[in-house]
Amino acid sequence: MARIPPQLLTQSLQSSAALAADQHAALLLGGYHPTPTGDALMQETITEAGVVRARIPALDNLAAKDHQQPSAVYRLAIFVVTRLGPGLILPLVLLAVWQLSATYGWLPDQILPAPALVLDVLQERISDGSLWDDTSISLLRVLRGFTLGAGIGLALGGALAASPRLHDYLNPLFLAVSQVPILGWVPLLILVIGIDEGLKNSLVALSVFIPVTLGTFQGIRDVPFAYREVGQVLTFSRLQSLTTIILPAAVPAIFTGLREGLSNGWQTLVAVELLASTEGLGFQMAYGRQLFQLELVIAAMLVIGLIGFLFDFLLGRIETHLQRWQVAA
Amino acid sequence: MTTAPLSQTAFARPARLLALPLILLAAWEVSARAGLVDPHLLPALEDVISRGEAEIANGELLTALGASLARDLAGFAIGASLGTASGLLLGFSHLAQRLFGPTLRVHRQIALFAWVPLIAVWFGAGEAGKIAFIALAAFQPSLINTWRGVLDIPARFRELAAVLTFSRLDFLRFIALPAILPAIFTGLKAALIYAWQATIGAELFMTIAPGIGGVMMQGRQLFQMDLVLLTILLLGVIGAGFNLIANLGETLLLRRRTS
Amino acid sequence: MKRTFLAVLLGGILSAGAAFADPTVIRVGYPGVGVDNQPYGYGDTASLAHVGKYLEDAFKDNPDVKVQWTFFRGAGPELNEALAAHQLDFAAGLGDLPSIVGRSRGLKTKFLLPASEHGSLYLAVSPKSNINTIDDLKGHKVAQFRGTNLQIASDAVLEAHSLTEKDVKFVSLTTADGLAALTSGNVDASFGGSEYLDLQKRGIVKIIYASKTDAPIFGTNSAFFVTEEFEQAHPDLTQKVVTAFVKAAAWGSTEANRQQVFEAWAKSGVPVESFAEDLQGLSLARENTALIDDFIKARYADKAAKAKQYGLIKKEIDLNSWFEPKYLEAALKELKLENFWPTYDANGKKLTDGAVESQKQAAAQ
């Protein structure tokens, strides 16, 4: 081993910690925990293929210096352009078409107001606070309905998967209810519950409940028997088996159900607010239409789309986080 | 020979399946007869049924049903085929995916009903508009599911095609399409459901025309709960029918699969 | 007359004014539907023209011309959208507020003749309600079909009692939905028209305000409009259409036809008795007049000013260039009805007598 200059030694001790973390992560994906060898200068790593590679972090550091990591700002810019860039092309094209339509009158401007007008309206409503009011009201309604529907859906889905007998009892009813379009319940519920929060909560909850139950049920039921066997072999308790094996395996299906549920819930809320409401984003859309100010409609649509996108994004992130143990196929 | 416990006899399962619905029906009958519930709010089952018979007799119900179904199927056909085609495009083409993906993800989140004014302008608020609306509703799920189906083609399938030196066309025909078919079917099933939901929505939000939605509104406005309940029952039955047909189709067409 | 179209569509095909080459289709829109979703209107001469097939008769010798009626559940606002999309040629019975809103947004239409004046506005509450006057409405939930002429009329009533839209929680519901909401207790009160009279009779609601007992500003109005596009392309057809409407209005103003008028309106699902009650002691001619006189001009000026005041429109509208009486005048001349209807001044005071009234007196004797 060559004689290593003292400065590099201290540097290497610091950088090896950082490098070790990266390796740690890499090995975790490969499913193996490295055992520390106690030797800071040289680390053994055992890769998935069982090959032993000795690394001398200090030398790594030397090599790394040649390829300096570009600055964070630069990396962010690259990220934005390459990852987000292509995705932005279509929206920009649509925006351009929209503006052209407004300028040349392809579509009557009462029906498709110019982008500038929509922007004006948005600014107006942001500054007088009404946008925040309507958005928060709608958001609260969705969250309430979603929590209710998803909570019941998860519990019921799990119960149905756990007990075939219960499934026999409840499934016909569940099927029957889920076949009726959500809006089909409106006349009945309006007459029974009225047009207040109760109507919105129950309809949103119902539209969330159905996909979540289905997703949970299918997810848990479709956990391969082999996995359960592992649990039995390792003599897991039911709870351990549930939390360590079944739920993680069912996560994709459950989350598909949750995402669909949230999307449904949001759509249902807008539809119900369109039909009968006194405030909220859906109400803004209906109101804008009634007063022939479709820029209000479009402004509300944009906010709705944005929020829906954020919801979906968040759920996707959570799902990825919960799935980090997955070995890529 | 040991006798199986009652819970495992041949009758047990059907009995369990029917238990809850029968209990509910019985409760409904009892409450109506005993006058426990305001008959305005919950008419007796036989009232609902006799109303149904009356409406069938005077042809109203069947006309409405026919009109709704026609719209639904037209919209579904258009939307589902466009959605599946787009899903295939996005799945197989990286470029298309990066160009159209994010926009489509956002579009999915905008409530369908927000499009009603614009659709009313482009296609009119009559039949064409309703069918366009339904097609839009059917487009989304078929797109997402087909897209996902293409993405989920296991890498080893592609490797196999490479090993067997398949042309692209052969790869599509023999390997990719059969692999995607289940996903496409899931998409079609979902599209069917969404299309039916959108049919009702379209009838509620757009101009009057014969249809189940119109019958429902009529019942609600005239305070005729028997009509409202009748339409709900009908909606459920039709939805179930669609589901059944879709499942049947799926089993038939996919029965050659082994995994 | 309705047709079902088979849709041939790809998203994004812009329909550029669906006036088919042959035959010419005259597309007429009516803002509203009957209470049981029937495509029939009530309370104006437009619905009379529809039921009596006056338009179709006018063109029955003309196979190249077809008449097509569309009834909009979303009333005025939805009709405006169709106008903007060049999907209509005539708006029959479009309410004052929606037509004013449309004009302020740049819809190019011409005011041909009125379809109804002094339309009734009623405020209905649940019988057990403790709301007895307009002032009691404060803080309550009220159903109101926003964007229709009911809105501007009810806003005016509120203003007269020092209430603004902020003091009352308005829920926008269609007429029929408002009925349902009121009867099921979902709203505390509901503004509407003569459709509430039947409910009061059945004891389901209590009417605590009637605009006919109040100043003329609080009544609703509606009119016939033609798109400038159609008018310029087919002035002859426009004239024929106006003449047909005037004929219908004349029929609807003749007292001898009172019962048949109510029966024609009753096709919408509102009972005959409601119209009898609504117009009790009032002449048909007062409501169904076809004249563009100072009264109707003043009404629209009022409504436009109020619309601006309540923030319902952003730009003021030019009223003078809106009225186009030449077709009306030609029709009156052709039908020899120049002196048929009485004229009124801006405040509703009679200026000249009309022949229809002596008919009424003759009938009454």
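This section describes the fold of chain A, its contact with chain C, and the domain arrangement within chain C, all in a predicted model.

Chain A contains 12 helices and two strands. In sequence order the elements run α-β-β-α-α-α-α-α-α-α-α-α-α-α, with the two strands following the opening helix. Of the 329 residues in chain A, 35% are buried. Among contacts in chain A with a separation of 6 or more, 67% are between residues 24 or more positions apart.

The contact between chain A and chain C involves 17 residues of chain A and 23 residues of chain C. On the chain A side, two or more residues each come from α7 (186-192) and α11 (281-290) of chain A. The largest contribution to this side is that of α11(A), which supplies four residues. By class, the side of chain A that touches chain C comprises 12 nonpolar residues, four polar residues and one charged residue.

Chain C is assigned two domains. Domain 1 is made up of residues 24-118 together with 220-364, and domain 2 covers residues 122-218. Domain 2 thus falls, in sequence, between the two segments of domain 1. The centres of the two domains of chain C, taken over C-alpha atoms, are 24 Å apart. Their contact draws 29 residues from domain 1 of chain C and 22 residues from domain 2 of chain C. On the domain 1 side, at least two residues each are supplied by α3 (75-84), α4 (96-104), β10 (220-227), α11 (272-278) and α13 (294-309) of chain C. The largest share of that side, five residues, belongs to α13(C). The side of domain 1 of chain C that touches domain 2 of chain C divides by class into 12 nonpolar, nine polar and eight charged residues.

Helix α13(C) also packs with helix α5 of chain C (residues 149-160). The axes of α5(C) and α13(C) are 10 Å apart and make an angle of about 75 degrees. The two helices, α5(C) and α13(C), are therefore roughly perpendicular to each other. In this packing, Ile152(C), Asp155(C) and Ala156(C) of α5(C) meet Lys303(C), Lys306(C) and Ala307(C) of α13(C). The contact of α5(C) with α13(C) has three nonpolar and three charged residues, and no polar residues.

Key
Residues are numbered from 1 along each chain as its sequence is written. Chains are lettered from A and ligands numbered from 1 in the order in which they are written. This is a predicted model: local features need pLDDT of at least 70, side-chain atom pairs count only at pLDDT 80 or more; totals for chains, interfaces and linings use all residues. Domain bounds come from an automatic or database domain assignment. Two residues are in contact if their C-beta atoms, placed from the backbone, lie within 7 Å. Ala, Val, Leu, Ile, Met, Phe, Trp, Tyr, Cys and Pro count as nonpolar, Asp, Glu, Lys and Arg as charged, and the others, Gly among them, as polar. A residue is buried if 20 or more other C-beta atoms lie within 10 Å of its own, exposed if 12 or fewer, and partly exposed in between; C-beta atoms are placed from the backbone. Axes are lines fitted to C-alpha atoms, for helices over the stretch in contact, and angles run from 0 to 180 degrees between N-to-C directions. Angles under 35 degrees count as roughly parallel, over 145 as roughly antiparallel, 65 to 115 as roughly perpendicular and the rest as oblique.
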